[in-house]
Amino acid sequence: MTPCKETTRSLDTHGYGKVWRNGKYKLHHRVVWELVKGPIPEGLCVLHKCDNRKCINPDHLIGESKQDNIHR
């Protein structure tokens, strides 16, 4: 797997990077997903294959259902 690319932005209370976009804070990894892969379908969670909450490497981001995320 390619190395993680960690956000240099501020972190939320759960350790995820956050960025100011369109007038509000959004999770940095979700913004990267949208820039690289397009809109996030409803009901899809953007997860880190690397389990690094600060990672914004698009190769490490996967989309899974909320149900799959619960069982992860």
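Which residue in β4 does L47 stand opposite? Here are my notes, starting from that pair.

1. **The β3–β4 pair.** Keep in mind as you read that this is a predicted model. The residue opposite L47 is I62 in β4. The two strands, β3 (44-48) and β4 (61-65), run antiparallel to each other and are joined by five bridges. Of the five residues of β3, four are buried, so the rest of the structure largely encloses this strand.

2. **G63, on the β4 side.** G63 sits in strand β4. Is G63 buried or exposed? G63 falls in between: it is partly exposed, because its relative accessible area is 33%, and the cut-offs are under 20% for buried and over 50% for exposed. Setting aside residues up to four places away in sequence, G63 touches W33, L44 and C45. For a sense of distance across the model, G63 and N22 are 41 residues apart in sequence and 23 Å apart in space, C-alpha to C-alpha.

3. **The β1–β2 hairpin.** N22 brings us to the turn of a hairpin that β1 and β2 form, with two residues between the strands. N22 has a positive phi of about 55°. Strand β1 covers residues 18-21 and strand β2 covers residues 24-27, and they pair in the antiparallel sense over four bridges. If you would like to trace the register by eye, K18 has L27 in β2 as its bridge partner.

4. **Helix α1.** The helix α1 spans 28-37. Its buried residues are worth picking out on screen: H28, H29, V31, V32 and W33 are buried. What do the buried residues of α1 pack against? They pack against β1, β2, β3 and β4, so both strand pairs described above come into this point. After α1 comes G38, which has a positive phi near 100°.

5. **The nonpolar core.** In soluble globular proteins, nonpolar side chains tend to be buried together. Here the largest nonpolar core is made of six residues, namely V32, W33, I40, V46, I56 and L61. V32 touches I56, P58 and L61, again leaving out residues up to four places away in sequence.

6. **C55, in the loop.** The loop between β3 and β4 holds C55. How accessible is C55? C55 has a relative accessible area of 0%, so it counts as buried. Beyond its neighbours within four places in sequence, C55 is in contact with C4, K5, E6, H29, H48, C50, H60 and L61. C55 and P3 are 52 residues apart in sequence, while their C-alpha atoms are 9.3 Å apart in space.

7. **The largest pocket.** Rolling a probe the size of a water molecule over the atoms shows where empty space is left. In this model the largest pocket has a volume of about 250 Å³. Its lining has 13 residues, and Y16, V46, L47, H48 and N69 are the closest to the centre. The elements that contribute two or more lining residues are α1 and β3. Which element gives the most to the lining? That is β3, with four residues. By class, the lining has five nonpolar, four polar and four charged residues.

8. **Where to look again.** A few residues appear in several of these points. L47 stands opposite I62 and is also among the residues closest to the centre of the largest pocket. V46 belongs to the largest nonpolar core and is likewise among those closest to the pocket centre. H48 is in that group too, and H48 is also one of the contacts of C55.

Note on methods
Residues numbered from 1 in each chain as written. Predicted model: local features only at pLDDT ≥ 70, side-chain atom pairs only at ≥ 80, totals over all residues. Heavy atoms only, no water. Core = buried A, V, L, I, M, F, W, Y, C linked by side-chain atoms within 4.5 Å. Buried < 20%, exposed > 50% of the residue type's maximum accessible area, 1.4 Å probe, protein only. Contact = heavy atoms within 4.5 Å. Pairing = 2+ DSSP bridges. 1 Å grid on protein atoms, 1.4 Å probe; cavity = no way out; pocket = protein on both sides within 12 Å on 5 of 7 lines; lining within 4 Å. Points joined across faces, edges and corners; volume = space filled by probe spheres on them. Nonpolar A, V, L, I, M, F, W, Y, C, P; charged D, E, K, R; others polar.
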